[in-house]
Amino acid sequence: MKFVVLTDTHFVPRGSRLYGLDPAERLAIAVEKINATHRDISFVIVTGDLAHWGEAAAYASLAGVLAGLDAPTILMMGNHDKRDAFRMQFPGADRDAHGFVQGVHAFDAATIVTLDTLNEDMPDHAGLLCAARLDFLSRALNSAPDDRPLLLFQHHPPFDTGLRYMDTIKLANGDAEWEVIARTRKPDYLFMGHLHRPIAGTWRGIPFHIQRALTHQVAFDFETEGYIPGTHELPDYALVNVAHGNIVIHQCSFLYGGPVFSLHDPGNLESPKPDVTEDSKG
Ligand SMILES: [Fe+2]
């Protein structure tokens, strides 16, 4: 099974820009590339921060762009989202018994569990798994078939990464999440967004992948603590292949427009020249 991961689309109303970027324009390019390149994917998952301010017009713009995607979507909540406005545009999205945007998607190759870590009651952007959501996680982990990988998706990481401001707005109760996992089942992989940087590693033995954002990025900066340092590094989407007991994750720099050339042709040793974009001149 193959699928694509996108995150932190941070949509604004159609025609508006955010930090100098047009999220709709970027997502449309990604959609075109995904449609053309990945005909065999089962779904595209977007791991939260769908809209920057959470207003209806932003979700309407997002729905318009996603309508062009051939594959089905799984949409998740991040700290910038608003559930009610989201629901108006995406009434078919995951919804648990308490109204949270989370669910279990069963495939032959893997089980996909999504968590809603949005804490709409607190304006500080940290994440939360309340008792109802922890109970959902417990039941999801307990009931998933054990003959195939279980892939867990959530917006907020439950651990520090060293990005100082971002560490202050991680999942507020990661220990509670771990307690559920420890007494039920360890996911085979954990996918997240929120940090706007590509980061991988393990959390308590669980391999994790944090996807780079669709829009603005967070700087590779372990010193700044009073604000979030942003950049215009180019975005990626991830192509994930779950097959034969392996999970392979590729990153696609879908805005790259430079040459593709043979490394074996001696004529290419001096040219073509590297493509230096305005973004990379930074
Ligand atoms: Fe974000």
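In which sense, parallel or antiparallel, do strands E6 and E7 pair, and over how many bridges? In this predicted model, E6 and strand E7, the latter spanning residues 189–192, pair in the parallel sense over 4 bridges. Within this pairing, Gln154 stands opposite Met192 in E7.

Strand E6 itself runs over residues 150–154 and is mostly covered, with 4 of its 5 residues buried. E6 also pairs with strand E5, which comprises residues 111–114. This pairing is likewise in the parallel sense and is made over 4 bridges. Val113 has Leu152 as its bridge partner in E6. The connection from E5 to E6 involves helix H4, residues 131–143, and the three elements make a right-handed β-α-β unit. In general, the side chains of a regular strand alternate between the two faces of the sheet.

Helix H4 is also among the elements that cover the buried residues of helix H6. Helix H6 covers residues 174–183, and Glu177, Val180 and Ile181 are buried in it. Because these buried residues fall within an arc of 95° when seen down the axis of H6, they line one face of the helix. Asp175, Ala182 and Arg183, on the other side of H6, are exposed.

A one-sided arrangement is also found in helix H2. In H2, residues 56–66, the buried residues are Ala58, Tyr59, Ser61, Leu62, Val65 and Leu66. The arc that they cover around the axis is only 155°, and they are therefore on the same side of H2. Three elements pack against the buried residues of H2: helix H1 (23–37), strand E3 (73–75) and helix H3 (83–89).

The loop between H3 and strand E4 (103–106) contains Asp96. This residue is classed as partly exposed because 19 other C-beta atoms lie within 10 Å, whereas a buried residue has 20 or more. Leaving aside neighbours within four places in sequence, the contacts of Asp96 are Gln102, Gly103 and Phe136. Asp96 is separated from Ala60 by 36 residues in sequence, and the C-alpha to C-alpha distance between Asp96 and Ala60 is 23 Å.

Conventions: Residues numbered from 1 in each chain as written. Predicted model: local features only at pLDDT ≥ 70, side-chain atom pairs only at ≥ 80, totals over all residues. Buried ≥ 20, exposed ≤ 12 C-beta atoms within 10 Å, placed from the backbone. Helix = DSSP H or I, 4+ residues; strand = E, 2+ residues; numbered from the N terminus. Pairing = 2+ DSSP bridges. Right-handed = clockwise from strand over helix to strand, strands pointing away. Arc of directions from axis to C-beta. Contact = placed C-beta atoms within 7 Å.
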